[in-house]
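Here is a short tour of the protein shown below, written for someone who works at the bench. Keep the structure open as you read.

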Amino acid sequence: MAVAGLYRRILPSPPAIEFASAEGKQLFSEALQNGTVEGFFKLISYFQTQSEPSYCGLASLSMVLNALSIDPGRKWKGPWRWFDESMLDCCEPLEKVKSEGITFGKVACLAHCSGAKVKAYNTKQSSLDDFRDHIISCTSSEDCHLITSYHRKPFKQTGNGHFSPIGGYHAGRDMALILDVARFKYPPHWVPLALLWQAMDTIDEATGQYRGFMLISKFQSAQSLLYTLSCRHESWFSSAKYLVEDLPILLKSESLHSISDVLSLMFESLPTNAENFIKWIAEVRRKEEDRDSSFLSEEEKARLAAKEGLLQQVHETKLFNIVRDWLSSCCSNAQSLRDKVSFSEIAASVCCQGAVLLSGGLREDKSLCCRSTCVKCLNPSDQTPITIVSGSVISGDTEQKVDMLVPVSPSTSLSSSNLRSYCSSALDNCFGMHPGSNDVLTVLLLALPSDTWMGIKDEKLLDQIFDLVSTEKLPDVLQQEVLHLRQQLSFLVRCKECRK
C-alpha cells in the first residue's frame with residue numbers, strides 16, 4: 001500500500017560527499033589528524049533534527065548553545081535547564097517562525113539574547129579567504145562554533161534557504177563538513193568551501209539581504225542577571241535607534257541646565273512601546289501541590305540571592321536616587337512610565353508566559369487568562385526573606401499554577417513578620433520588589449554608550465552626568481550587568497536587517 005509523504009532525499013554527489021561514505025570517512029580521518037574537527041565532538045554530542053520544516057535556524061542554534069555549555073537559566077522540562085527550539089522565542093514568536101522561517105539577523109539576535117557571544121557577517125562584509133580563516137579557527141577549537149545561512153540550490157539539493165552548523169574542515173580538499181539539521185532530508189555531508197561561499201552569497205528574499213555566517217562562543221563572564229534586551233516586539237528597532245542615534249542629537253540641540261531636564265527630555269521622547277525593549281529575566285516554576293511553595297532548592301536560593309545582591313547594588317547608586325525622585329515628581333510623564341511598568345501587570349504577564357513554557361506550549365495562546373496573582377512575602381526563621389508570586393493561568397478547561405521568584409532589595413525588605421500576602425491590585429504596594437520603574441530606568445541609563453552625553457553644552461551638567469553614569473566605580477557584578485546590556489544594545493543597532 002502506497003504511503004503519502006516523502007522519505008528522505010538522495011544526496012546529490014557530486015558536489016557533496018556523504019559523511020558516512022567511505023570517502024567521507026577518509027576525509028574525516030585526515031581532518032582529525034590535522035586538528036580541524038575539534039569542535040565536531042561537542043556538536044555531535046548535541047546533534048538534533050529540526051522539529052519543524054522551518055526550524056533549521058532554531059535547531060542549529062540550540063545545538064550550538066548546548067555544545068558550548070551555556071546555561072539557559074530557565075527550565076526546559078521537569079527540573080532540567082536545557083536549550084530546546086521551543087525556548088528560542090525572545091526575538092520572534094515561534095508561530096511566525098513555524099509559518100515563515102527566520103532570518104539570519106534574528107538567529108544572531110537569538111544567540112545574543114541567549115547569552116552567547118556572537119559575530120555575524122553577511123557575504124558583503126567578509127570574503128572567501130576570511131571565511132576560510134574563521135572555519136579553520138572554529139573547527140580547531142571546542143570553544144567556538146560556526147553556523148552558516150545558505151541556499152541549497154548550488155549543491156543541487158531541493159529546497160531554498162537553510163541554516164546548519166559546520167562540524168569540520170579538510171584543508172587538503174578545501175571542504176567543509178555541514179551537520180545538516182534537516183536529518184530527515186539529507187545526512188551530514190562534505191562540500192567544497194568555495195561552493196558553500198557561493199551558496200551563502202545569495203539574497204534572502206524575505207529581507208533583501210545577503211546570507212552569511214556567524215561565529216558563536218561563550219562569554220567568559222556571566223550573562224545578565226536581571227535584564228536583557230529583546231527584539232521580539234516590532235518596536236525594538238525604533239527604541240534601539242532612539243537610544244543610540246537620536247538621543248545624542250536631542251541632547252545636543254536642547255538647552256539643558258539640570259539632571260531633571262535631561263531625564264525629562266529623554267523619557268518624554270521615548271518611542272511608543274519602548275517598555276517592550278528591556279525585559280526582566282524572571283524565574284518561573286510549576287507550582288507543586290505536594291510541596292510548600294516557600295521551599296527553595298539550593299540552586300534557586302543561590303540565583304535569587306545573586307539577583308537580590310545586584311538589585312541592592314542598583315539601589316545604592318546615586319543615579320537610582322535621582323531617578324526615583326524624578327519619578328516621584330508630579331510630572332504626567334512620570335505617572336505614565338509608572339503605569340507602563342505596573343508590577344501587577346508584569347506579574348500576570350510573566351505567569352502566563354511561564355505557564356506556556358512549562359506546559360510545553362510552542363506559542364502564546366491569546367485566550368490565556370491569569371485568574372489571580374498573589375504575592376507572598378515570607379521570612380522563615382531559618383532562611384532569608386523570600387518573595388513569591390503565585391498565579392493561576394486559565395486556558396479553556398486547563399488550569400496551570402505557577403510560582404515566580406521575585407528578588408527584593410534587602411534595604412527595602414517588605415516585612416519582618418513571618419508572612420504577608422498581597423493579591424491582585426495590591427501588588428503595587430510592594431515597593432521593594434523588582435522589577436520597578438526606578439531600577440529599570442537606572443540600569444538603562446547606565447547601559448547607554450558613554451558618548452551619548454557628549455552633546456550636552458553645559459560643562460558643569462556634563463560633568464555631573466558623567467559622574468552619575470560612569471561604570472568605573474560600579475561594583476564588579478553591576479558593572480558586568482551594565483556592560484553586557486551595552487553590548488546587546490550595540491549589537492542590535494548594527495543588526496538592522498533584523499527588522500525585515
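## A bridge across the chain

In this predicted model, Arg-173 and Glu-23 form a salt bridge, with their closest N and O atoms 3.1 Å apart. The two residues come from distant parts of the chain: Arg-173 sits in the loop between E4 and E5, while Glu-23 belongs to helix H1 (residues 22-34), and 150 residues separate them. Arg-173 counts as partly exposed, at 41% relative accessibility. Glu-23 is partly exposed too, with a relative accessible area of 40%.

## Other salt bridges

How many salt bridges does a search of the whole structure find? The search finds 10. One of them pairs Lys-318 with Asp-467, whose closest N and O atoms are 2.5 Å apart. Lys-318 is in helix H11 (residues 318-327) and Asp-467 is in helix H15 (residues 459-469), so this pair ties together parts that lie 149 residues apart in sequence. Asp-467 is partly exposed, at 38% relative accessibility.

Arg-324 and Asp-325 also meet through their side chains in a salt bridge, at 3.7 Å from N to O. Arg-324 is partly exposed, with a relative accessible area of 33%. You can also look for a network: Asp-129, Arg-132 and Asp-174 are joined into one by salt bridges that share partners.

## The seven-stranded sheet

Now turn to an open sheet of seven strands, which follows the order E1-E6-E5-E4-E3-E9-E2 with antiparallel pairing. At its edges are strand E1 (17-18) and strand E2 (116-122), each pairing on one side only. Strand E3 (residues 144-151) and strand E9 (residues 212-218) run antiparallel and are joined by five bridges. Within this pairing, Ile-147 has Met-214 of E9 as its bridge partner.

Which elements does helix H6 (residues 128-139) touch as it packs on the sheet? Helix H6 touches E2, E3, strand E4 (161-170), strand E5 (175-178) and E9, and its direction makes about 70° with that of E4. Helix H7 (residues 193-200) packs on the sheet as well, touching E3, E4, E5, strand E6 (189-192) and E9. The direction of H7 makes about 65° with that of E3.

## Surface and overall picture

Leu-32, Phe-41 and Ile-44 make a nonpolar surface patch of about 230 Å². Phe-41 lies in helix H2 (residues 40-45) and is partly exposed, with a relative accessible area of 38%.

Stepping back, the protein chain has 16 helices and 16 strands. Of its 500 residues, 53% count as buried. The accessible surface comes to about 22,800 Å², and 51% of it belongs to carbon and sulfur atoms.

Terms used:
Residues are numbered from 1 along each chain as its sequence is written. This is a predicted model: local features need pLDDT of at least 70, side-chain atom pairs count only at pLDDT 80 or more; totals for chains, interfaces and linings use all residues. Side-chain values use heavy atoms; hydrogens and water are left out. Patches are made of residues with over 30% relative accessible area and no salt bridge: like charges are joined within 9 Å, nonpolar side chains (Val, Leu, Ile, Met, Phe, Trp, Tyr) within 5 Å. Accessible areas come from the Shrake-Rupley method with a 1.4 Å probe; for residues, only the protein chains shown count as cover. A salt bridge is a side-chain nitrogen of Lys or Arg within 4 Å of a carboxyl oxygen of Asp or Glu. Helices (H or I, at least four residues) and strands (E, at least two) are DSSP runs, numbered from the N terminus. Buried means under 20% relative accessible area, exposed over 50%, partly exposed in between (1.4 Å probe, protein chains only). Two strands pair if DSSP finds at least two bridges between them. Contact means heavy atoms within 4.5 Å. Axes are lines fitted to C-alpha atoms, for helices over the stretch in contact, and angles run from 0 to 180 degrees between N-to-C directions.
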